[in-house]
Amino acid sequence: MDEMQESIKNYVVKEYVEDDTELTFDSPLISGGIVDSFSMVSLKRFLENKYNISIPDDKATPEAFDSVNKICALVREYVK
Amino acid sequence: MAYTDKTRGMYSEILTGLKSAGLFKQERYIHSAQAADIEVEFPAGASLKKVINICANNYLGMSSHPEVVKAAHEGLDSHGYGMSSVRFICGTQDIHRTLEQMVTKFLGTEDTILFPSCMDANAGVFEAVLTKDDVMISDRLVHASIIDGIRLCSAMHDTFKHSDMEHLEEKLQLHNDKRLKCVITDGVFSMDGDTARLDKMVELCEKYDALLFVDDSHSSGFIGKTGRGTHEHCGVMGKIDILTTTFGKGLGGASGGCVSGRKELVEMCRQKARPYLFSNTIAPPVVAGVIKVLEILSASTDRRDKLESNTAFWRKGLIDAGLIIKAGDTPIVPVMLFNAKLAQDVSRDLYDEGIYAIGFFFPVVPQGQARIRTQISAGHEINHLEKALDAFRKVGKKYNILGKTKLEIIEMYGM
């Protein structure tokens, strides 16, 4: 577990989880119905602001955002 | 393309799947005019049954109001059946503009444009006024027609938790770099019957320089002291930038809708909104009927006052009976049953008792929040509501849910 995983997980829980669903780093976010595809935009903006990166729209796919670990992998591609 | 056996089989399989999942919708044929007392054929081929209707959007009882019916007849005689044209070619009559001006005055806005339905108004408005440089920030429980309109618009889209003003403010801060921010909400939410906090939303929109969009379809005509809508109720008349509503509920019950609000935004719709540009507008007899509805509602608040007292009677009756309802003061009163099968069983038994009310369950409402949605009307008399309460008590007793908590009901029937 690293700081990025924890930080992104905390954001997802605060932003999208409205009951007591337990979230792991591999929980399916989009395909599991936790994050709706409309709400991905705020997640993308959060990541861009926090890590000072720019994620191209064609890389911000539902698949790439489907778990905390997948999001971390995407972010690491753009962090200098 | 030939409609092959393979194609037919594919669709049959999908429809069978809907049936086995309990998601197949069946129409019930009503053989009378829409009213508190109706005659229903259900299932198809069954003999007619007289029932009390407590699931229509006929909030003000205008669907069969004799003066409205008479006005529609007169409109048919004077202006014909249809226009055979979209508005900007040769489909605009004097009465269309008259209705737009009357709606503007009634809602306290700057201008109004008619659409064939509020579904069309919501489908067309965002694309007409926003671009890819803008952001739409919507409540997570807005109506499906708004979701469709948002999908058709190139602006960025984000959401905030239902009625959570702190979360909305965070989103306004997050997107503060966009050219335009548009906050989007229902006035009264159709499934829970709760009311948007428009006073706070106006405050936030002013603070962050954002537009405010409100769909007041379940409010126009009866929410607020003189029935102008949620903006009147919240004390923010004149401060809603884009207001959409329908003439298919409180304001008559036939069909049609509109976008009302800032005159430049309304003009943008007249120039660019595709459902306005590429579809015939509201038919003349319906226009004449809605004009009469607005005349009646502008002259007296008797009907919305009666609806208010009927609603209070109904809510108290359900609570006294020991049923769980969603808190609020609107005529949308969900009776919470939590379990989908229980909601369907209660609906069927109520029908047997002469009460027409429908069960709603996932995916129309969230999992574990199945309910009977009841809707009260000024067309109901107290004896209608007393009969309906008797039926709820009888059916509630049968299922042993009277006086039970949510947890106890879930323990008995599951989520």
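These legends walk through five close-up views of chain B in a predicted model.

**View 1. A four-stranded open sheet in chain B, with a helix packed on it.** The strand order is β1-β2-β3-β12 (chain B), and the pairing within this open sheet is mixed. At the edges lie β1 (29-30) and β12 (355-356) of chain B, each of which pairs on one side only. Helix α14 (residues 340-352) of chain B packs on the sheet, where it touches β2, β3 (49-53) and β12 of chain B. The direction of α14(B) makes about 120 degrees with that of β3(B). If you zoom in on edge strand β1(B), you will find it running antiparallel to strand β2 (residues 37-41) of chain B, with 2 bridges joining the two. Here B:Y29 stands opposite B:E41 in β2(B). As a general reminder, strands of a sheet pair through backbone hydrogen bonds, either parallel or antiparallel.

**View 2. Strand β7(B) and its two parallel neighbours.** Strand β7 (residues 181-186) of chain B pairs in the parallel sense with strand β5 (residues 135-139) of chain B over 4 bridges. It also pairs in the parallel sense with strand β8 (residues 211-215) of chain B, over 5 bridges. Two bridge partners help you find your bearings: B:M136 is matched with B:C182 in β7(B), and B:T185 is matched with B:V214 in β8(B). How many of the residues of β7(B) are buried? The count is 6 of its 6 residues. Both faces of β7(B) are covered, with B:K181, B:V183 and B:T185 buried on one side and B:C182, B:I184 and B:D186 buried on the other.

**View 3. Helices α13(B) and α15(B) side by side.** Helix α13 (residues 302-321) of chain B packs against helix α15 (residues 382-398) of chain B at an angle of about 20 degrees, and their axes are 10 Å apart. Angles under 35 degrees count as roughly parallel, so α13(B) and α15(B) are roughly parallel to each other. The crossing of α13(B) past α15(B) is right-handed. On the α13(B) side, the contact is made by B:N310, B:F313, B:W314, B:G317, B:L318 and B:A321. On the α15(B) side, look for B:I382, B:L385, B:E386, B:A388, B:L389, B:F392 and B:R393. Sorted by type, the residues of this contact between α13(B) and α15(B) are 9 nonpolar, 2 polar and 2 charged.

**View 4. Helix α14(B) crossing α15(B).** This view returns to α14(B), the helix that packs on the sheet of the opening view. Helices α14(B) and α15(B) pack at an angle of about 135 degrees, with their axes 10 Å apart. That angle makes α14(B) oblique to α15(B). Their crossing is right-handed. B:V346, B:D349 and B:L350 of α14(B) meet B:A391, B:F392, B:V395 and B:K398 of α15(B). The residues of this contact are 5 nonpolar, no polar and 2 charged. Keep an eye on B:F392, which also takes part in the contact of α15(B) with α13(B).

**View 5. Helices α7(B) and α8(B).** The axes of helix α7 (residues 165-174) of chain B and helix α8 (residues 198-208) of chain B come within 11 Å and cross at roughly 20 degrees. The two helices are therefore roughly parallel to each other, and α7(B) passes α8(B) in a right-handed crossing. From α7(B), the residues in contact are B:M165, B:L168, B:E169, B:L172 and B:Q173. They meet B:K200, B:M201, B:L204, B:K207 and B:Y208 in α8(B). This contact of α7(B) with α8(B) divides into 6 nonpolar, 1 polar and 3 charged residues.

Conventions. Residues are numbered from 1 along each chain as its sequence is written. Chains are lettered from A and ligands numbered from 1 in the order in which they are written. This is a predicted model: local features need pLDDT of at least 70, side-chain atom pairs count only at pLDDT 80 or more; totals for chains, interfaces and linings use all residues. Side-chain values use heavy atoms; hydrogens and water are left out. Two strands pair if DSSP finds at least two bridges between them. Contact means heavy atoms within 4.5 Å. Axes are lines fitted to C-alpha atoms, for helices over the stretch in contact, and angles run from 0 to 180 degrees between N-to-C directions. Angles under 35 degrees count as roughly parallel, over 145 as roughly antiparallel, 65 to 115 as roughly perpendicular and the rest as oblique. A crossing is left-handed if the near helix is turned anticlockwise from the far one by less than a right angle, and right-handed if clockwise. Ala, Val, Leu, Ile, Met, Phe, Trp, Tyr, Cys and Pro count as nonpolar, Asp, Glu, Lys and Arg as charged, and the others, Gly among them, as polar. Buried means under 20% relative accessible area, exposed over 50%, partly exposed in between (1.4 Å probe, protein chains only).
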